[in-house]
Amino acid sequence: MSGSSNVAAMKKVVQQLRLEAGLNRVKVSQAAADLKQFCLQNAPHDPLLTGVSSSTNPFRPQKVCSFL
């Protein structure tokens, strides 16, 4: 029993390795350049960089209504 399960496990490993060997690789320098370009292209729309206006901020402190 353990021999057949061992063979099945090894077949799964070989299948996974074949799948990974067939993937197209990208150089790290190219991936970094693409990531930098993406970040710079989307920077104007990033609220962490540009901030959020108080009128559209859903997390702004709620105004307290008080009666005199």
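## Valine 13 and its patch

Valine 13 counts as partly exposed because its relative accessibility is 42%. Buried means under 20% relative accessible area, exposed means over 50%, and partly exposed lies in between (1.4 Å probe, protein chains only). This residue is found in helix H1, residues 2–21. Helices (H or I, at least four residues) and strands (E, at least two) are DSSP runs, numbered from the N terminus.

Val13 also helps make a nonpolar surface patch with Met10 and Leu17, of about 290 Å². Patch residues have over 30% relative accessible area and no salt bridge; like charges are joined within 9 Å, and nonpolar side chains (Val, Leu, Ile, Met, Phe, Trp, Tyr) within 5 Å. A salt bridge is a side-chain nitrogen of Lys or Arg within 4 Å of a carboxyl oxygen of Asp or Glu.

## The model and its confidence

This is a predicted model: local features need pLDDT of at least 70, side-chain atom pairs count only at pLDDT 80 or more, and totals for chains, interfaces and linings use all residues. Residues are numbered from 1 along each chain as its sequence is written, and side-chain values use heavy atoms, with hydrogens and water left out.

The chain averages a pLDDT (the predictor's confidence in each residue, from 0 to 100) of 88. At least 70 is the score of 97% of the residues. Among the elements, H2 has the highest mean, 96, and helix H3 (residues 47–50) the lowest, 85.

## Overall form

The chain has 3 helices and 0 strands. Its radius of gyration is 27 Å, well over the 11 Å that the globule rule gives for 68 residues, so the chain is more spread out than a compact globule. That radius is taken over C-alpha atoms, and the rule is 2.2 Å times the number of residues to the power 0.38. The C-alpha atoms fill a box of roughly 85 × 40 × 10 Å along the principal axes.

Of the 68 residues, 0% count as buried. The chain exposes about 7,000 Å², and carbon and sulfur atoms supply 63% of that area. Accessible areas come from the Shrake-Rupley method with a 1.4 Å probe; for residues, only the protein chains shown count as cover.

## Helix H2

Helix H2 covers residues 28–42. Its 15 residues should span 21 Å at 1.5 Å a residue, and its end C-alpha atoms are 21 Å apart, which agrees. The expected span is 1.5 Å times one less than the number of residues. H2 is hardly covered: 0 of its 15 residues are buried.

## Glycine 51

Glycine 51 sits in the segment after H3. At 40% relative accessibility, glycine 51 is partly exposed. Glycine 51 and valine 7 are 44 residues apart in sequence and 57 Å apart in space, C-alpha to C-alpha.
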